[in-house]
Amino acid sequence: MSEPKTGKPEVDQRTVKRAVIASAMGNATEWYDYGVFTSGAIATSIGTLFFPGEGNAVLKSLALLAVGFIVRPFGGAFFGPLGDKLGRQKVLALTILLMSGCTFLVGVLPTYSGGYSMGIAAPIAILLLRLIQGFSTGGEYGGAATFIAEYAPTKRRGFFGSFLEMGTLAGYVLGNSVVLITYLSLSTEQFDSWGWRIPFFIALPIGAIGLYLRSKLEDTPEFRRLEAAGEKSEKAPLKETIQRNWRMILNLIGIVLLLNIADYMLLTTMPTYFTDTLHIGDTESSLIIIGVEIVQFALLIPLGALSDRIGRKPLLLTAAIGFIVLSWPSIKLMQSGSLLWLIVGFLVVAILLALMLAVIGSTFPAMFPTRVRYGSFAIGYNISTSLFGGTCGVIVTALIGSTGNADWPAYYLIIAALIALVPIIKIPETARVPIEEIDTADTGGKLAGASK
């Protein structure tokens, strides 16, 4: 590789594509696990087999899932600064191994009772696996987005960044599809006895492929440039990350609040909302969600490419305003009793979310300077995800149950969008700014030393 005047190693398009695929595979692994865990059939099985007794089995399973989000900020604070010290590639190899391994181990755990059981140790063991999974996931997304952003050419950062969320949707659709196929292929007794384990087993080969792809890549050109210039931190720069970038981290938290409430609303709350509140069958619900996810999948790359031309902020602003105006009408369409209008209402919210998903892979890494990019992203993203994303399903489901008001998904989205609108307006537009020139530390969110 030759060195241009900036000192940043040049990268051929083939290597960029490999880096994008390797990054997206980690996201696919994370969301495959999520897709499996939130499917109605698996949620019921996990809640019943590991947490027997009175109470809603699905709610128990969602609460278990939410527990993993508690430790995500700690994982972000550990792996993020470590990635700024040791490099993105080494840390990302570790996180994908831990994520896929924990998902696989859930599939081999003995249950609370029955022929293959271990009593009270069963819920404790699955809880520990979820905590490890959440901790490792805390270091995954920020690193994967950083990896793509630092490999991608400036003029196509939005295009390549959109592939990160292609991994999200592909993983989630695959997880739901595997559960659906397994459920339809077996009797209820077979699925409840041993069939529920099959989707968890498949996480291991998915993670192994991602690990192989990541191990074959060098670290990002931007990290190597920093290392060659002697500007890389000698120790994990957690203190520097927070002290010099707290304003932008707060902006990130505010935007991610809407992103993840919308994301987890569609992927966690809606499956149970369809079945428990709207009384749609598990199979029908899964097919609707998978179909809408495929529509999102088709939109991401064109929207990412569009952001390279018009900027990231117009898409983010359109999404936030759209959630404020259209969330309540969309929920009312879902409640109309017509399957067609339900799909239309769900699709409206999903398209608004796609506007955000298409640009976050290029927007969020560009909010921070290279020296602390991984850590700043991971900390802000995971604090917001832990507080608002992971708890979304439990809170909204509980609010509907306690108040009897089925409109809570809309209210929650509107409040989140109103909050997110402020940081979206405040952040700088970085669509055409080279990643190596970005420095927003101590500037209150304004770009320092970057040409527009």
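1. A disulfide is taken here as a pair of cysteine sulfur atoms within 2.5 Å. In this predicted model, a search of the whole structure under that criterion returns 0 disulfides. Two cysteines may be mentioned in this connection. Cys102 has a relative accessible area of 6% and is therefore buried. Cys392, with a relative accessible area of 0%, is buried as well.

2. Internal cavities deserve a separate comment. The model contains 7 cavities of 30 Å³ or more. The largest cavity encloses about 110 Å³ of space. Its lining comprises 13 residues, of which Tyr34, Phe69, Arg72, Arg130 and Thr137 are the closest to its centre. Three helices each contribute at least two residues to this lining: H1 (13–38), H3 (57–70) and H6 (121–137). In chemical character, the lining of the largest cavity consists of 5 nonpolar, 4 polar and 4 charged residues.

3. The second largest cavity has a volume of about 70 Å³. The residues lining the second largest cavity are Ser39, Gly40, Ala41, Asn176, Val179, Leu180, Tyr183, Asp282, Thr283 and Ser286. Helices H2 (40–50), H8 (157–185) and H14 (282–310) are the elements that give two or more residues to this lining. Which of the elements gives the most to the lining of the second largest cavity? That element is H8, with 4 residues. The lining of the second largest cavity divides into 4 nonpolar residues, 5 polar residues and 1 charged residue.

4. Aromatic contacts form the next topic. The structure holds 23 aromatic pairs. One of them joins Phe147 and Tyr151, whose rings lie 5.2 Å apart centre to centre with 55° between the planes, a tilted arrangement. Both residues belong to helix H7 (residues 140–151), where they are 4 residues apart, about one turn of the helix. Phe147 has 3% relative accessibility and so counts as buried. Tyr151 is likewise buried, its relative accessible area being 4%.

5. A further pair is formed by Phe274 and Phe346. Their ring centres are 5.4 Å apart and their planes meet at 70°; because the angle is over 60 degrees, the pair is classed as edge-to-face. This contact links distant parts of the chain, since Phe274 lies in helix H13 (residues 238–277) and Phe346 in helix H16 (residues 339–363), 72 residues apart. Phe274 is buried at 0% relative accessibility, and Phe346 is also buried at 0%.

6. Ring pairs also join Trp31, Tyr34, Phe69, Tyr172 and Tyr264 into a cluster. Two members of this cluster, Tyr34 and Phe69, are listed among the residues closest to the centre of the largest cavity. Arg130 is listed there too, and Arg130 additionally lies over the face of Phe37, at 4.2 Å from the ring centre. A reader inspecting the largest cavity may therefore wish to view these residues together.7. Ile46 is found in helix H2. With a relative accessibility of 0%, Ile46 counts as buried. Ile46 and Pro123 are separated by 77 residues in sequence, while their C-alpha atoms are 9.6 Å apart in space.

8. Two loop positions complete the note. Is Gly337 buried or exposed? At 75% relative accessibility, Gly337 counts as exposed. Gly337 lies in the loop between helix H15 (313–334) and H16. From Gly337 to Gly175 the separation is 162 residues in sequence and 28 Å in space, C-alpha to C-alpha.

9. The other position is His279, located in the loop between H13 and H14. Most residues other than glycine have a negative phi. The phi of His279, by contrast, is near 60°, a positive value in a residue other than glycine. His279 has a relative accessible area of 66% and is therefore exposed.

Technical notes
Residues numbered from 1 in each chain as written. Predicted model: local features only at pLDDT ≥ 70, side-chain atom pairs only at ≥ 80, totals over all residues. Heavy atoms only, no water. 1 Å grid on protein atoms, 1.4 Å probe; cavity = no way out; pocket = protein on both sides within 12 Å on 5 of 7 lines; lining within 4 Å. Points joined across faces, edges and corners; volume = space filled by probe spheres on them. Nonpolar A, V, L, I, M, F, W, Y, C, P; charged D, E, K, R; others polar. Phe/Tyr/Trp six-rings, centres within 6.5 Å; stacked < 30°, edge-to-face > 60°. Buried < 20%, exposed > 50% of the residue type's maximum accessible area, 1.4 Å probe, protein only. Lys NZ or Arg CZ within 6 Å of the ring centre and 35° of its normal.
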